[in-house]
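Student: I am new to this structure and would be grateful for a close look at a single part of it. Would you please choose a place to begin and then work outward, step by step?

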Amino acid sequence: MPPHRQSFNVRRNYFDMHPSTKIEPWKIDNVRFIGFMDIMGFKDLVARKSHEDVKYMLNRMVSLNKSLESVFGKPMVKTDDRKKLESRIKSVTFSDSILFISQDDSVEDFLQISFALSIFQEASMQRGAPTKGAMSLGILTADFDNSIFFGQPLIDAYLLQDQLKYYGIVADNKVEEYIIDKNRNLRPKEEKVDRAFIKLKTPFKSGSILHYNLHLDSVDENQLEDLYKSVSGEPRKYVDNTIEMFRLMNP
């Protein structure tokens, strides 16, 4: 079984043991989590590959998104008509960017979007199209019917990922505040909400800065070294940093 599938199953087991009972309509305007993912080297990829090859890669990305939505984005309870399942995590792809959007700011949705982002990032890396990204939290308009997406967390997530200097996913200060507050108010025997994260000195364009990072574990160093095959010079620093972060996360 490929490593990202093993990770996928392990994380899915959490929701098998903690089934959701939340049935709510999707709100266009809501306080929610967003994960902004950027496909690295997309312009170079378009220049090197044929149009059909790039189209195929993007279709595989979209297919992965839908697979994640089907597992992490839907509660284990049917609605009144016994047919429709209510989606809690949705995604949208445009050009070289992918957005993952939660329905609200519940702990359940926080865990779901965290695990979905982690699996997507690891799987995309294994497919030779590494991504980097950031998570934020706040009021966001997510109107999928009319393709309207805007709000401060979208801007914050985009700007933070743009500063990131490795193939990973970091949480911004709004998400970190959420983690700290939730962990301080846990009931006895409750698990911490940051179980998918690890706090490390993180490589940014401006230097090494302490941040919560989504844990990278379902890849191996051979797969990471393969990323050197597609880049030379300064862009290789991303691979250097990714291997270093992987080793720190998995001592």
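Tutor: Apart from neighbours within four places in sequence, valine 219 is in contact with Glu122, Met125, Gln126, Leu224 and Phe246. The model in which these contacts are found is a predicted one. Valine 219 belongs to the loop between E8 and H7. Its relative accessibility is 6%, and because buried means under 20%, valine 219 counts as buried. One of its contacts, phenylalanine 246, is 27 residues away along the chain, yet the two C-alpha atoms are separated by 8.8 Å.

Phenylalanine 246 leads to helix H8, which covers residues 236–249. This helix has 14 residues, and the distance from its first C-alpha to its last is 20 Å, close to the 20 Å expected at 1.5 Å a residue. Phe246 is one of the buried residues of H8, together with Tyr238, Val239, Asn241, Thr242, Ile243, Met245 and Met249. The elements that cover these buried residues include helix H4 (107–126), E4, E7, strand E8 (207–214) and helix H7 (221–225).

Helix H4 deserves attention next. Its 20 residues should span 28 Å at 1.5 Å a residue, and its end C-alpha atoms are 29 Å apart, which agrees. Of those 20 residues, 18 are buried, so H4 is largely enclosed by the rest of the structure. Just after H4, glycine 128 takes a positive phi of about 80°.

Two residues of H4 can be examined individually. The first to consider is aspartate 109, whose place is in this helix. At 0% relative accessibility, aspartate 109 counts as buried. Its side chain reaches the backbone nitrogen of glutamine 103 at 3.3 Å. When neighbours within four places in sequence are left aside, the residues in contact with aspartate 109 are Arg88, Ile89, Ser102, Gln103 and Asp104.

The other is phenylalanine 110, which takes part in one of the aromatic pairs; the structure holds 10 such pairs. The ring centres of phenylalanine 33 and phenylalanine 110 are 5.1 Å apart and the ring planes stand at 45°, so the pair is tilted. This pair links distant parts of the chain, as phenylalanine 33 is in strand E1 (residues 29–39) and phenylalanine 110 is in helix H4, 77 residues apart. Both phenylalanine 33 and phenylalanine 110 are buried. They also belong to one aromatic cluster, formed by Phe33, Phe110, Tyr178, Phe197 and Tyr212.

Through phenylalanine 33 the view moves to strand E1. This strand is mostly covered, with 9 of its 11 residues buried. E1 and E4 run antiparallel and are joined by 11 bridges; within this pairing, aspartate 38 has lysine 132 in E4 as its bridge partner. E1 also pairs with strand E3 (residues 97–102), again in the antiparallel sense, over 5 bridges. Here methionine 37 stands opposite isoleucine 98 in E3. As a general matter, the side chains of a regular strand alternate between the two faces of the sheet.

Strand E4 leads in turn to a loop. Serine 147 lies between strand E4 (131–143) and strand E5 (148–150). Although serine 147 is not a glycine, it has a positive phi of about 55°. Its relative accessibility is 57%, and because exposed means over 50%, serine 147 counts as exposed. A positive phi, of about 75°, is also found at lysine 189, another residue that is not a glycine. Lysine 189 is located in the loop between helix H6 (173–184) and strand E7 (197–204), and at 86% relative accessibility it counts as exposed.

One further detail concerns a charged side chain and a ring. Lysine 90 lies over the face of tryptophan 26, at 4.5 Å from the ring centre.

Finally, these parts may be set within the whole chain. Its secondary structure comes to 8 helices and 8 strands. Of its 251 residues, 51% count as buried; valine 219, the starting point, counts as buried as well. Among contacts between residues at least 6 apart in sequence, 71% join residues at least 24 apart. The contact of valine 219 with Phe246 joins residues that are 27 apart along the chain.

Definitions and conventions. Residues are numbered from 1 along each chain as its sequence is written. This is a predicted model: local features need pLDDT of at least 70, side-chain atom pairs count only at pLDDT 80 or more; totals for chains, interfaces and linings use all residues. Side-chain values use heavy atoms; hydrogens and water are left out. Helices (H or I, at least four residues) and strands (E, at least two) are DSSP runs, numbered from the N terminus. Buried means under 20% relative accessible area, exposed over 50%, partly exposed in between (1.4 Å probe, protein chains only). The expected span of a helix is 1.5 Å times one less than its number of residues. Contact means heavy atoms within 4.5 Å. Rings of Phe, Tyr and Trp (its six-membered ring) pair if their centres lie within 6.5 Å; planes under 30 degrees apart count as stacked, over 60 as edge-to-face and the rest as tilted. A charge sits over a ring if NZ of Lys or CZ of Arg is within 6 Å of the ring centre and within 35 degrees of the ring normal. A polar contact is a pair of N or O atoms within 3.5 Å; within protein, one must be able to donate a hydrogen and the other to accept it, and residues adjacent in sequence count only if both atoms are side-chain atoms. Two strands pair if DSSP finds at least two bridges between them.
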